[in-house]
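Reader: Hi! I'm in my first year and would love a close look at one single part of this model. Could you pick one and walk me through its surroundings?

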Amino acid sequence: MKIMVAVKRVVDYAVKIRVKPDKTGVETQNVKMSMNPFCEIALEEALRIRESGLASEVVAVSVGPAQCVDTLRTGLAMGADRGIHVEFKDGLNPLSVAKVLRALVEAEKPGLLILGKQAIDDDCNQTGQMLAGLLKWPQGTFASKVTLDKEKQVATVDREVDGGIETVLLDLPAVITTDLRLNQPRYATLPNIMKAKSKVIKKYTPGDLNVEIKSDLEVLQVTEPPKRKAGVIVSSVDELIDKLQNEARVI
Amino acid sequence: MYLLKIYLQAPVDVPVLSDKFWYLTKDRTFALPCPFNNRGNYVISLSQLTRWMGVKAEELGVEIYPGFAAGEVLYDSNDNVVGVGTNDMGISKDGSKKETFQHGVELKGKLTLLAEGCRGSLSEKIISKYNLRGKVQAQHQTYALGIKEVWEIDESKHEPGAVLHTLGWPLDHKTYGGSFVYHMKDRQVSIGLVIALNYQNPYLNPYEEFQKFKHHPAIKSLLEGGTVIQYGARTLNEGGFQSIPYPVFPGGAIVGCSAGFLNVPKIKGTHTAMKSGMLAAEAAFSVLSEGSSMVVYYDFLRKSWIWEELKKARNYRPAFEFGLLPGLAISGLEHYIFKGRLPFTLKHGKPDHKATNVAKLHTPIEYPRADGILSFDVPTSLHRSNTNHEHDQPAHLQLRDPTIPELVNLPEYAGPESRYCPARVYEYVPDENGVLKLQINAQNCLHCKACDIKDPQQNIEWTVPEGGGGPGYSVM
């Protein structure tokens with residue numbers, strides 16, 4: 001079985017971001033970029049499934065500008081067998097990415113798709129779900145545990161939901177999106193980084209896949225959240241009730 | 001740099017347009033005759049330049065592997081250096097192996113060139129092991145700590161190419177140092193304070209001095225209305241000519257600031273560092289292609305303009321051993337009349353770690369509170385440095401003797417590491433019995449090496465943390 005993992009290049013999680021002066025978005029020039037942490041977890045899970053003998057190949061896919069190749073190389077260094085880069089400069093959105101991935105699924109015919117639950121730059125949490133919808137495949141999102149049964153061709157997924165853990169049984173092929181507690185991604189070792197240089201990354205454009213990248217949404221403005229006001233120490237319970245009632249208007 | 005820029009489109013595009021030099025008192029500025037001539041130079045971000053150079057190097061076939069820490073030098077049975085070993089990754093705080101454990105790897109080569117910057121952790125070991133300073137009767141290295149912020153200021157106040165250096169306030173006449181304000185492009189201004197680490201008062205807090213400095217009326221007016229984009233700190237060499245070690249060892253050589261080629265009166269070291277790298281490359285080429293000895297690197301250095309330039313600049317910094325005014329006077333004489341031709345070479349004073357007085361000879365300094373607009377507390381600044389280390393790892397700042405902080409540093413020197421560290425790695429906190437104990441917040445570390453240099457008993461050893469950790473400078 002082939003596993004396809006989608007990975008996104010995002011601003012590194014440790015970077016202090018700031019909004020561009022023209023408020024059109026977040027400053028990404030001269031900013032460190034890395035693989036989305038949830039995508040790392042997705043790739044790690046795929047690698048573990050392959051290492052347990054339940055899959056034959058892990059293919060890493062990234063949609064985005066030319067530098068996505070760096071992200072794919074990291075994925076290859078972690079252990080993915082091949083990479084696919086769908087090059088598109090600017091203006092991606094979850095639905096368009098889902099359509100691109102659907103086209104790749106039709107070409108590659110994987111038995112399992114693993115994605116990160118969301119990207120840390122837009123926090124959309126949509127691509128995996130939309131992709132499952134487009135493919136009409138079952139989905140197990142927010143996965144904190146994944147168990148495959150090759151014979152029965154099913155996947156048991158523990159999902160982290162508001163009420164606790166929900167366990168679902170999915171017929172393969174299926175889409176799984178990963179949550180934080182699923183696994184601890186491995187380091188890409190130096191020898192593997194060196195070996196990854198010779199692994200293949202195939203290039204496509206959205207046009208090659210007959211997908212038109214367009215958005216029905218327009219970003220009007222991006223601003224920083226309002227600065228937190230200093231706390232106020234109240235002198236009595238009455239004062240607290242008064243403030244809650246008349247200033248915060250929550251009671 | 002000019003040729004490089006024209007032909008290769010390097011991010012070197014803001015030429016210096018003005019050069020100012022001020023002496024500051026608490027409220028006033030006095031313009032002094034400018035000893036610098038920066039015409040023909042450029043104001044750049046070294047982070048951006050090295051990132052660009054990395055891309056060019058990879059295009060030429062150089063393999064660059066960031067995110068791996070060189071933790072040890074590898075030797076053969078004859079004590080020749082044969083390469084470096086990277087650190088193990090995935091080790092827990094208590095020393096045990098985590099699920100993600102990966103063994104370090106050995107990288108071996110015919111030649112190993114060390115370019116770790118000022119106070120390189122492996123370079124210091126090599127210099128000591130092969131007695132590289134003793135070999136040429138060089139003096140010890142002396143250092144300064146630079147603390148810097150990049151601001152985005154009001155368009156109306158921004159002058160790309162403007163260069164300013166100041167002396168005086170907030171530092172006293174016994175403490176060598178000064179500030180710099182360089183206007184880059186995109187409304188960005190690089191501003192910082194550099195303090196020599198041979199300061200005597202253990203209560204001195206270089207970070208707080210820098211925050212104080214920004215409140216000077218002339219500086220305040222420049223920064224008001226602006227925002228800080230990034231923060232960082234790093235030590236630099238001030239030993240100059242007198243401290244250059246023999247830079248060749250069996251199996252390799254030391255280049256750049258790890259050896260120490262910074263020109264102190266010019267306040268520049270990137271040009272000599274780059275040149276030393278080029279000379280080492282030429283020497284290495286002859287070693288690899290003709291089998292000659294790396295010793296020729298030292299000959300190339302001595303015949304190059306690095307040697308001539310540093311020799312000429314050698315008597316400025318040591319002159320300040322006599323104090324600020326005598327130092328300025330001697331510097332004036334050197335600059336206008338003698339130009340390095342005096343037949344003697346002044347010596348450095350005590351090594352920086354020995355220069356600290358005991359606390360009882362001084363009174364604690366009261367620093368003003370941060371106002372959150374011009375000045376900031378350390379955690380706020382640290383957040384702006386994009387510093388990150390994997391949390392569950394052993395502290396990379398190691399104490400040779402774990403009892404010294406509470407036995408010596410705290411009672412004798414009032415815990416100077418809790419004051420000179422620009423990242424608040426070192427804190428004395430009361431334990432469950434109310435007794436003050438040293439707490440090392442290694443995750444905060446900016447990799448500046450100040451502690452390795454300034455600790456009075458040289459008890460703190462800076463070692464490499466797990467690969468990939470450290471500050472995230474992008475416009476510094």
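Author: Happy to, and here is one strand with its neighbours. This is a predicted model, in which local features need pLDDT of at least 70 and side-chain atom pairs count only at pLDDT 80 or more, while totals for chains, interfaces and linings use all residues. Residues are numbered from 1 along each chain as its sequence is written, chains are lettered from A and ligands numbered from 1 in the order in which they are written, and side-chain values use heavy atoms, leaving out hydrogens and water.

Our part is strand β11 of chain B, residues 177-183; strands here are DSSP runs of E, at least two residues long, numbered from the N terminus. Of the 7 residues in β11(B), 6 are buried, so the rest of the structure largely encloses this strand. Buried means under 20% relative accessible area with a 1.4 Å probe, counting protein chains only.

Now look at one neighbour, strand β10 of chain B, residues 162-168. β10(B) and β11(B) pair in the antiparallel sense over 4 bridges; strands pair if DSSP finds at least two bridges between them. To find one of these links, start at His165(B), whose bridge partner in β11(B) is Phe180(B).

Another neighbour is strand β12 of chain B, residues 188-196, which also runs antiparallel to β11(B) and is joined to it by 7 bridges. Here, Val181(B) has Ile191(B) in β12(B) as its bridge partner. β11(B) and β12(B) form a hairpin with 4 residues between the strands. In that hairpin you can look for Asp186(B), which takes a positive phi near 55°.

Conventions
Buried means under 20% relative accessible area, exposed over 50%, partly exposed in between (1.4 Å probe, protein chains only).
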